Amino acid sequence: QVHLEESGGGLVQPGGSLTLSCITSGSIFRIVAMGWYRQGPGRQRELVATLTAGGSRNYGDSVRGRVTISRDNAKSTVYLQMNSLKPEDTAVYYCNIRAYTNYTAWDDYWGQGTQVTVSS
């Protein structure tokens, strides 16, 4: 089994910064990509950022230029640094990993989510 545990969410004022962390554990054979998604009130889940095993990054249009995804392989952790936060960034943020747990097929795994609230 693969387990993802997010942390770092909370309440922040507009213009502030937060760093989310996601620690991965379990029987991972090979990682394809890691990422962050979010779901705001009354909205569909959307891409925030992804980072492939090869190092390619992709960012959602609404956050590009304000967030940075990174990873620490030694700590099995992926981070999301968020700056210049806006009220519309309020959402539950989910960590995702796409990985092989065997030789044949990959699967998507999700964390339980961490709430980020941007409000004065």
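A residue counts as buried under 20% relative accessible area, as exposed over 50% and as partly exposed in between (1.4 Å probe, protein chains only). The structure is a predicted model, in which local features need pLDDT of at least 70, side-chain atom pairs count only at pLDDT 80 or more, and totals for chains, interfaces and linings use all residues. Residues are numbered from 1 along each chain as its sequence is written, and side-chain values use heavy atoms, with hydrogens and water left out.

**Exercise 1. Determine which secondary structure elements the protein contains, and assess its overall dimensions.**

Step 1. The protein has zero helices and eleven strands; helices (H or I, at least four residues) and strands (E, at least two) are DSSP runs, numbered from the N terminus.

Step 2. The order along the sequence is accordingly β-β-β-β-β-β-β-β-β-β-β.

Step 3. For 120 residues, a compact globule would have a radius of gyration near 14 Å, and the 14 Å of the protein agrees with this. The radius is taken over C-alpha atoms, and the globule rule is 2.2 Å times the number of residues to the power 0.38.

Step 4. The C-alpha trace spans about 50 × 25 × 25 Å along its principal axes.

Step 5. Of the 120 residues, 39% count as buried. The accessible surface comes to about 6500 Å², and 47% of it belongs to carbon and sulfur atoms; such areas come from the Shrake-Rupley method with a 1.4 Å probe, and for residues only the protein chains shown count as cover.

**Exercise 2. Locate the disulfide and describe its geometry and surroundings.**

Step 1. A search of the whole structure finds one disulfide, defined as a pair of cysteine sulfur atoms within 2.5 Å.

Step 2. The bond joins cysteine 22 to cysteine 95, with an S to S distance of 2.1 Å.

Step 3. Distant parts of the chain are linked in this way: cysteine 22 belongs to strand S3 and cysteine 95 to strand S9, 73 residues apart.

Step 4. The torsion about the S-S bond of cysteine 22 and cysteine 95 is about -85 degrees, so the disulfide is left-handed.

Step 5. Cysteine 22 and cysteine 95 are both buried.

**Exercise 3. Find the aromatic pairs and classify each one.**

Step 1. Two aromatic pairs are found in the whole structure. Rings of Phe, Tyr and Trp (its six-membered ring) pair if their centres lie within 6.5 Å; planes under 30 degrees apart count as stacked, over 60 as edge-to-face and the rest as tilted.

Step 2. Phenylalanine 29 and tyrosine 103 form a tilted pair, at 4.6 Å centre to centre and with 55 degrees between the planes. Phenylalanine 29 lies in the loop between strand S3 (18-26) and strand S4 (30-39), and tyrosine 103 in the loop between strand S9 (91-100) and strand S10 (106-110), so the pair ties together parts that are 74 residues apart in sequence.

Step 3. Phenylalanine 29 is partly exposed at 44% relative accessible area, whereas tyrosine 103 is exposed at 72%.

Step 4. Tyrosine 37 and tryptophan 110 have ring centres 5.2 Å apart and planes at 65 degrees, so this pair is edge-to-face. Tyrosine 37 lies in strand S4 and tryptophan 110 in strand S10, so parts 73 residues apart in sequence are tied together.

Step 5. Tyrosine 37 is partly exposed at 22%, and tryptophan 110 is partly exposed at 37%.

**Exercise 4. Identify the rings over which arginine 45 sits.**

Step 1. A charge sits over a ring if NZ of Lys or CZ of Arg is within 6 Å of the ring centre and within 35 degrees of the ring normal.

Step 2. The charged end of arginine 45 sits over the ring of tyrosine 94, 3.8 Å from the centre.

Step 3. Arginine 45 also lies over the face of tryptophan 110, 4.6 Å from the ring centre.

**Exercise 5. Describe the settings of valine 116, threonine 50 and valine 63.**

Step 1. Valine 116 is in strand S11 (residues 114-118) and is buried at 0% relative accessibility. Beyond neighbours within four places in sequence, its contacts (heavy atoms within 4.5 Å) include Leu18, Leu20, Met82 and Tyr93.

Step 2. Threonine 50 is in strand S5 (residues 46-52) and is buried at 16%. Among the residues it touches, not counting those up to four places away, are Met34, Tyr37 and Ile69.

Step 3. Valine 63 is in the loop between strand S6 (57-59) and strand S7 (67-72) and is buried at 2%. Valine 63 touches Arg38, Val48 and Asp89, residues up to four places away in sequence not being counted.
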